[in-house]
Structure formats: C-alpha cells, structure tokens
Amino acid sequence: MNPLYANMRTSIFEEISLLARAAGAINLGQGFPDWDGPLPVREAAAAALIDGQNQYPPSSGLPALRTAIAEHHARFHGLAVEPEHVLVTSGATEALAAAILALLEPGDEAILLQPCYDAYAPLVRRAGAVPCFVTLQPPGWRLDVNAIERAIGPRTRIVILNNPLNPAARVFTRAELEAFAALCIRHDLIALCDEVWEHVLFDGRVHVPLAGLPGMAERTVKVSSAGKIFSMTGWKVGWIVAPPDLLGPITRAHQYLTFVTPPALQLGVAAGLALPGAVFAEMRDRCAGARDRLAGTLTDAGYALLPSEGSYFLCVDLAASGISEDDRSLCLRLIADHGVAAIPLSAFYEQDAPRQLIRLCFAKDDAILDEAAGRLARAR
Ligand code: PMP
Ligand code: GLN
C-alpha cells in the first residue's frame with residue numbers, strides 16, 4: 001500500500017462534518033452555503049439531463065462551457081482568454097491534482113503558503129515532489145514576498161497562491177500581487193493560482209487575477225470552481241485557464257484522473273456564467289450580509305474576530321477573546337457540548353501552526369446564524 005495513504009488522516013472537513021452530523025450540531029465548519037445557487041443554472045442543468053446530455057462529453061469540456069468561461073474572463077476580469085486555453089475539470093480539486101501531477105517532477109519543490117488549503121501538500125507529495133512552507137502571519141496575513149524568496153531553491157518549480165485566501169479570508173492587494181508576480185518572473189516560477197473565491201469578495205474589493213498582471217499570463221495556471229461561483233459546492237465543476245505549453249500536460253493528466261465532467265452540469269454552469277452581473281452581485285451581497293450578521297452577534301458576545309475580506313469564512317481569535325483552550329480541543333468541545341461545529345486553523349498548517357484561531361462559515365440562513373451565535377455566546 002502507498003504509505004502516503006496508509007497513514008493519511010481524514011480531511012478536517014469530513015472529520016468535522018461527520019462529528020457535526022452525529023451530534024446534530026449546526027455545521028459552521030465545512031464551507032457550503034445553506035442556499036441553492038441561482039434557479040436558471042439548475043434549470044439549464046435539469047433541462048440538459050432530460051434532453052439527452054448523458055454521455056461522455058469531450059475530455060477538455062463542452063465547447064459551450066469553454067466559450068462561456070472565456071467570455072466570463074473577459075467580462076469580469078478583463079482577461080483575453082481563448083476557449084482552447086480552458087480545461088474543464090471535476091471541481092477545483094481535480095484541477096489542482098491535474099496541474100500538480102503534470103507540472104512537478106519527482107524531486108522538484110513547490111512553495112505553499114500557510115495557512116493553506118488541505119489538498120495542496122498531499123498532491124505535491126503524490127507527484128513525488130517536496131512542499132516547502134512559507135507562513136503568513138495573522139492578523140494581516142500579508143503576502144510576504146521576501147519570505148517566499150528565501151524559500152526558493154534550485155529545484156523550486158511552482159508556487160501555489162490562493163487568492164482570496166481560505167481559511168484566512170484575506171484578499172491580496174494589487175501591490176502585493178505585483179510584488180509576487182515580479183518574484184515569479186525573476187525566478188522563472190509557475191504560479192498555480194487557486195482563485196476559486198474570485199467572486200466572493202466584500203466591501204467593494206475587486207478581484208485581481210494574477211494572470212492579468214504583466215508577464216504572468218504565460219506562467220499562471222488559474223484554477224476556478226463553479227461550486228463557489230454559484231453556491232453549488234456539490235456540483236464539482238471546475239476549470240483551468242493556462243497557456244498552451246502548460247495546459248497540454250495538464251490535459252493529459254486530467255485524461256487519467258476523471259477524463260470528463262458530467263455534461264448536464266457543464267451546460268448549467270455555461271448558462272450561469274452568462275447571467276447578468278446583478279446575479280453575481282446579489283450572491284456576493286448575501287454572503288456579506290451573513291458575514292455582518294454573524295460578526296455582529298459574536299462581537300457582542302465578546303469574541304474577537306479577524307477581518308473577513310472574502311470567501312464564506314471568518315476567523316475568531318481565541319486568545320484575544322480571552323479563551324486559552326487550543327483550537328482543536330475547543331472545536332471538538334463546541335460540537336459535543338454546544339452543538340456548533342467550526343474548523344481549527346491548525347488543520348491548515350504542517351509547521352508552526354497557531355493554536356488560537358478557529359474558522360466559521362457564515363454562508364447560512366439568518367435563523368441558523370443567530371442560533372449558532374447564541375450557542376457560542378453561552379459557550380464562553
Ligand atoms: N481550493 C480552495 C481554496 C477551496 O476553498 C476549495 C473548496 N472550497 C477548493 C479548492 C475545492 O473546490 P471544488 O469543490 O470545486 O473541488
Ligand atoms: N472548501 C471547503 C472549505 O474550505 C470544503 C472543501 C471540502 O470539504 N473538501 O470548507
């Protein structure tokens with residue numbers, strides 16, 4: 001048996017969701033919304049299911065979706081993308097897997113920024129490569145380009161950037177991204193840019209796609225997820241935009257991961273990407289309203305929160321809230337004793353983990369948020 005898997009822990013999202021289900025707790029752990037995505041997206045997929053879209057589509061994705069993705073990039077990000085430079089995958093997770101397996105050779109190094117999404121390091125290791133961690137510091141989570149530069153060695157091939165950053169809910173500024181881009185160019189690195197939260201930004205922030213910065217289109221592999229864009233996390237439709245020399249090997253890796261993604265869901269997403277901008281704004285505003293509601297009640301209850309600039313998440317600073325218990329033991333106790341599930345931030349670290357931060361998902365209905373906040377207030 002491959003020792004990577006023989007000894008691997010269950011993903012923190014699955015672990016916490018299982019515990020939450022067993023305890024009947026409110027699940028503010030795993031990031032999924034209480035609401036379904038826009039009706040026209042679901043209607044388009046349902047119509048396609050009934051209408052005979054049930055056989056293998058082309059491995060790179062249906063032309064209708066690849067074209068819609070290219071148009072989406074022009075409309076929202078001002079990026080000129082050819083449909084041929086798009087690969088449709090089964091969620092961002094498969095996109096990350098295909099990219100990491102295709103781009104890294106055994107013995108290469110990949111730089112990962114902590115806190116980091118839990119899939120990155122196992123995939124880098126599966127490629128036979130070595131993850132090198134650079135740790136960003138709360139509460140600002142500044143993109144520390146000097147620290148990244150110090151971690152670069154002769155075998156460094158890619159750096160993985162997640163913007164907006166899950167779980168820290170940080171949106172990097174254009175200036176930070178420009179410094180990061182300059183570093184990638186200076187060291188001839190590929191940027192694997194996980195931008196699944198590209199539409200979930202708050203307070204007037206605008207997403208700056210890394211590929212749009214000068215000199216970056218030719219070295220950026222951009223990963224997106226319809227699950228996050230349309231609040232349909234179970235759909236697992238994702239995609240990659242990358243230059244042909246990078247997309248070619250990634251497409252070959254994708255052939256032997258999932259090969260294709262269900263065509264009816266692809267057509268639903270294609271319809272969704274063509275919806276008016278107001279629909280996207282409405283989804284963002286709903287999340288921002290939920291963030292403010294949960295943040296307000298938790299602040300009133302004496303919890304100290306870190307700012308949430310994007311994503312479905314906000315972080316509670318336990319130490320600043322006067323709580324000395326470590327993040328994981330508190331999360332387990334909150335489920336068992338108070339009926340609320342959260343994710344300990346230490347799960348997003350392999351080294352130097354802080355033990356005083358927990359992540360809450362606020363993409364929930366008002367009544368659920370209020371009930372959860374009441375329970376958390378009583379847990380203090
Ligand atoms: N990357 C990040 C940063 C995520 O937060 C997630 C899930 N929320 C994914 C990748 C995986 O996305 P998908 O469900 O489309 O596989
Ligand atoms: N991305 C979601 C989160 O951060 C969950 C993903 C998963 O369950 N693997 O909560």
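**Figure 1. A small sheet, with a look at how β12 meets β13.** Two strands are taken as paired when DSSP finds at least two bridges between them. In this predicted model, β12 and β13 run antiparallel to each other and share two bridges. If you want a residue to start from, try P344: its bridge partner in β13 is I358. Zoom out a little and the pair belongs to an open sheet of four strands, laid out in the order β9-β10-β13-β12 and paired in the antiparallel sense. Which strands sit at the edges? They are β9 (304-305) and β12 (343-344), each with pairing on one side only.

**Figure 2. Where domain 1 touches domain 2.** The chain splits into domain 1, made of 3-30 + 278-378, and domain 2, covering 40-275. Their C-alpha centres are 24 Å apart. Domain 1 puts 31 residues into the contact, and domain 2 puts in 27 residues. On the domain 1 side, the elements giving two or more residues are α12 (277-300), β10 (313-317) and β13 (357-361). Of these, α12 gives the most, with seven residues. What is the make-up of that domain 1 side by class? It has 20 nonpolar, five polar and six charged residues. Strands β10 and β13 turn up here as well as in the sheet of the previous figure.

**Figure 3. The annotated stretch, residues 26-376.** UniProt, in an unreviewed entry, places the feature "domain: Aminotransferase class I/classII large" at these residues. Over residues 26-376 the chain is 40% helix and 16% strand. Pick out the two end C-alpha atoms of that stretch and you'll find them 11 Å apart.

**Figure 4. The shell around ligand 1.** There are 15 residues around ligand 1, and the ones that come nearest are G91, A92, T93, N166 and S225. Two helices, α5 (91-103) and α9 (226-229), each supply at least two residues of the shell. Which element has the largest share? That is α5, with three residues. Sorted by class, the shell around ligand 1 holds three nonpolar, nine polar and three charged residues.

**Figure 5. The shell around ligand 2.** The residues to display here are S11, F13, Q30, G31 and N166. N166 is listed around ligand 2, and N166 is also one of the residues that come nearest to ligand 1. How does the shell around ligand 2 break down by class? It has one nonpolar and four polar residues, and no charged ones.

**Figure 6. F133 and its contacts.** F133 is part of strand β4 (residues 130-135). Buried needs 20 or more other C-beta atoms within 10 Å, and exposed needs 12 or fewer. F133 has 16, so F133 is classed as partly exposed. Ignoring neighbours within four places in sequence, the contacts of F133 are L112, Q114, E350 and Q351. Take Q351 as the far-along-the-chain case: F133 and Q351 are 218 residues apart in sequence, yet their C-alpha atoms are separated by 7.7 Å.

**Figure 7. Two cis peptide bonds, each leading into a proline.** One joins Q114 and P115, with omega about 0 degrees. Q114 is also among the contacts of F133. P115 is in the loop between β3 (109-114) and α6 (120-126). The other cis bond runs from N163 to P164, with omega near -10 degrees. Where does P164 sit? Look in the loop between β5 (156-162) and α8 (174-186).

**Figure 8. Positive phi at D188 and at S231.** Neither residue is a glycine. For D188, phi is near 50 degrees, and the residue is in the loop between α8 and β6 (190-194). For S231, phi is about 55 degrees, and the residue is in the loop between α9 and β8 (238-241). Helix α9 is also one of the elements that supply the shell around ligand 1. Is each one buried or exposed? D188 counts as exposed because it has 9 C-beta neighbours inside 10 Å. S231 counts as buried because it has 23 C-beta neighbours inside 10 Å.

Methods
Residues numbered from 1 in each chain as written. Chains lettered and ligands numbered in written order. Predicted model: local features only at pLDDT ≥ 70, side-chain atom pairs only at ≥ 80, totals over all residues. Contact = placed C-beta atoms within 7 Å. UniProt positions renumbered as here; feature names shortened; annotations may be inferred. Near = placed C-beta within 6 Å. Nonpolar A, V, L, I, M, F, W, Y, C, P; charged D, E, K, R; others polar. Domains from an automatic or database assignment.
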